[in-house]
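Here are some notes on the ligand site and the cysteines, set out as numbered points for your review.

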Amino acid sequence: MTGFRFDLLRAQDLPLLRGWLLRPHVAQWWGPAESVEELHADLVADQGTPGATLAYIASLGGAPIGFIQSYTAMGSGGGWWEDVTDPGVRGIDQFLAHADQLNQGMGRAMVRAFVQQLLADPAVTLVQTDPRPDNARAIRCYTYAGFHPVREVVTPDGPALLMHCTR
Ligand SMILES: CC(C)(COP(=O)(O)OP(=O)(O)OC[C@H]1O[C@@H](n2cnc3c(N)ncnc32)[C@H](O)[C@@H]1OP(=O)(O)O)[C@@H](O)C(=O)NCCC(=O)NCCS
């Protein structure tokens, strides 16, 4: 599965994103959907600021299939990743938008393509992700995509399995 595109989230994408966040297969693992205004403040307004989370609509063959974001772990604030001292660590979070496309290898292909793009930057040392420990599908997907489990951690959102992917 090749041909993924990752387009930086724009204000006009936010109603689509909010609709995706309300879908049960996403809400089950992602938490309550934010309003369009909150999504704008979190994911669009700060795009020009160094170290800001960068959020993307992922497309395959021209069709939007999911959401993926990357962040710089060090200095995240809010109690997140306080022990990370390497400025090269990026973190990612993602979901597939369409429930009928789960469990077909699309997630691992999307994550692999995005991670390759991140690691193409020599300033990036490793990529982390942090599924809930009971999200067996996500953990299996990320393992296929090249991540390995590091340890269980407690994040401001609750327990998570920290996973790393290196070059
Ligand atoms: C997580 C997600 C991105 C993974 O993408 P995906 O395309 O569904 O995953 P893949 O098909 O690449 O891999 C999933 C694997 O887990 C397996 N799996 C599915 N449910 C499982 C379960 N309950 N227990 C164990 N394995 C499971 C699948 O069979 C597949 O493995 P296989 O190919 O060996 O059969 C996608 O499922 C998703 O968006 N889920 C909803 C939101 C979410 O959980 N986001 C992640 C938050 S960290």
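1. A polar contact is a pair of N or O atoms within 3.5 Å, and in this predicted model a polar side-chain atom of N135 meets that cut-off, lying 2.9 Å from an oxygen atom of the ligand. Taken alone, the ligand exposes 960 Å², of which the protein buries 77%.

2. Backbone atoms take part as well: a polar backbone atom of L96 is 2.7 Å from a ligand oxygen atom, while a backbone N or O atom of G105 lies 2.8 Å from an oxygen atom of the ligand.

3. The ligand is surrounded by 21 residues, and the closest are L96, G105, G107, R108 and Y144. By class, this shell has 11 nonpolar, seven polar and three charged residues.

4. As for secondary structure, two or more shell residues come from each of α2 (24-30), β4 (89-96), α4 (106-119) and α5 (136-144). The largest share of the shell, seven residues, is supplied by α5.

5. Why is the sulfur of C141 without a bond to the closest cysteine sulfur, in C165? The two sulfur atoms are 12 Å apart, which is too far for a bond, given that a disulfide needs cysteine sulfur atoms within 2.5 Å. The structure accordingly holds zero disulfides, and C165 is in no disulfide.

6. Both cysteines can also be described by their accessibility: C141 counts as buried because its relative accessibility is 16%, under the 20% limit, and C165 is likewise buried, with a relative accessible area of 6%.

Notes: Residues numbered from 1 in each chain as written. Predicted model: local features only at pLDDT ≥ 70, side-chain atom pairs only at ≥ 80, totals over all residues. Heavy atoms only, no water. Near = heavy atom within 4 Å. Polar contact = N/O pair within 3.5 Å; in protein donor to acceptor, adjacent residues only side chain to side chain. Areas by Shrake-Rupley, 256 points an atom, 1.4 Å probe, with all protein chains shown as cover. Helix = DSSP H or I, 4+ residues; strand = E, 2+ residues; numbered from the N terminus. Nonpolar A, V, L, I, M, F, W, Y, C, P; charged D, E, K, R; others polar. Buried < 20%, exposed > 50% of the residue type's maximum accessible area, 1.4 Å probe, protein only.
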